[in-house]
Amino acid sequence: MDAMSIIEVGGEAVALGSVTGAKRFLKCVENQKPKGNLILAFDTDISGKICTKVISDGLTELGIPFRVISSFLGCHDSNEALCKKRKEAENYERTGNSI
């Protein structure tokens, strides 16, 4: 739902499904380098923090630029932000920021 929420307000997103998708994601970006900076926006719970660490470390090792979003307008994740603060979420995406 989180990736779909980002797409719904005009962004581009990839859903990993769970922490177990992190290594497969890193293999994909190693084989096909992104054209722009990646934005990591995982949930704010323990699993999300673990996934952020695993992917951040992997992207750094691969030399792929990224930034981490650790706040979703004060919400747990991008889907909650979209549901509770839709106008702010849409504005964030339009201005080039992230939820």
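These legends describe close-up views of a predicted model.

**Figure 1. Overall layout of the chain.**
The chain holds five helices and two strands. Along the sequence, they run in the pattern α-α-β-α-β-α-α. Of the 99 residues, 32% count as buried. The accessible surface of the chain is about 6400 Å². Carbon and sulfur atoms account for 52% of that surface. Take the contacts between residues at least 6 apart in sequence: 63% of these join residues at least 24 apart.

**Figure 2. The largest nonpolar core.**
This core has 11 residues in all. Its members are A22, F25, L26, V29, L38, L40, F42, C51, I55, L59 and I64. Helix 2, strand 1 (38-40) and helix 3 each supply at least two of them. Helix 2 gives the most, with four residues. In soluble globular proteins, nonpolar side chains tend to be buried together.

**Figure 3. L26 and its contacts.**
L26 is one of the residues of the largest nonpolar core. Neighbours within four places in sequence are left aside here. L26 then contacts V54, I55, G58, L59 and L62. Of these partners, I55 and L59 are also listed in the core.

**Figure 4. V29 in helix 2.**
V29 lies in helix 2 and belongs to the largest nonpolar core. Its relative accessible area is 8%, so V29 is buried. The cut-off for buried is under 20%. With neighbours within four places in sequence set aside, V29 is in contact with P34, L38, L59, L62 and I64. One of these partners, I64, is 35 residues away from V29 in sequence. In space, V29 and I64 are 8.4 Å apart, C-alpha to C-alpha.

**Figure 5. The salt bridge between E30 and K27.**
By the rule used here, the count comes to two salt bridges. One of them joins the side chains of E30 and K27, at 3.7 Å from N to O. Both residues lie in helix 2 (residues 22-31). They are three residues apart, about one turn of the helix. E30 is partly exposed, with a relative accessible area of 36%. K27 is also partly exposed, at 48% relative accessibility. Side chains of opposite charge can pair when their charged atoms come close.

**Figure 6. The salt bridge between K53 and D57.**
Here the side chains of K53 and D57 meet, with 2.8 Å from N to O. K53 and D57 are four residues apart in helix 3, so about one helical turn separates them. D57 has a relative accessible area of 39%, which means that D57 counts as partly exposed.

**Figure 7. S56 in helix 3.**
S56 is found in helix 3 (residues 46-62). Buried or exposed, which is S56? At a relative accessible area of 12%, S56 is buried. Its side chain reaches the backbone oxygen of T52 at 2.6 Å. Residues up to four places away in sequence are not counted in the contact list. On that basis, S56 touches L40, F66 and V68.

**Figure 8. T52, the partner of S56.**
The backbone oxygen of T52 is the atom reached by the S56 side chain. T52 sits in helix 3. T52 is buried because its relative accessible area, 16%, falls under the 20% cut-off. Not counting residues up to four places away in sequence, T52 touches L40, F42 and V68. Both L40 and F42 are listed in the largest nonpolar core.

**Figure 9. I69 in the loop after strand 2.**
I69 lies in the loop between strand 2 (66-68) and helix 4 (78-84). With a relative accessible area of 12%, I69 is buried. I69 and T52 are 17 residues apart in sequence. Their C-alpha atoms are 9.6 Å apart in space.

**Figure 10. Cysteines C28 and C51.**
A disulfide is a covalent bond between the sulfur atoms of two cysteines. How many disulfides does a search of the whole structure find? The search finds zero. C28 is partly exposed, at 49% relative accessibility. C51 is buried, at 2% relative accessibility. C51 is also one of the residues of the largest nonpolar core.

How values were computed
Residues are numbered from 1 along each chain as its sequence is written. This is a predicted model: local features need pLDDT of at least 70, side-chain atom pairs count only at pLDDT 80 or more; totals for chains, interfaces and linings use all residues. Side-chain values use heavy atoms; hydrogens and water are left out. Buried means under 20% relative accessible area, exposed over 50%, partly exposed in between (1.4 Å probe, protein chains only). A polar contact is a pair of N or O atoms within 3.5 Å; within protein, one must be able to donate a hydrogen and the other to accept it, and residues adjacent in sequence count only if both atoms are side-chain atoms. Contact means heavy atoms within 4.5 Å. A salt bridge is a side-chain nitrogen of Lys or Arg within 4 Å of a carboxyl oxygen of Asp or Glu. A disulfide is a pair of cysteine sulfur atoms within 2.5 Å. A nonpolar core is a set of buried Ala, Val, Leu, Ile, Met, Phe, Trp, Tyr and Cys residues joined through side-chain atoms within 4.5 Å. Accessible areas come from the Shrake-Rupley method with a 1.4 Å probe; for residues, only the protein chains shown count as cover.
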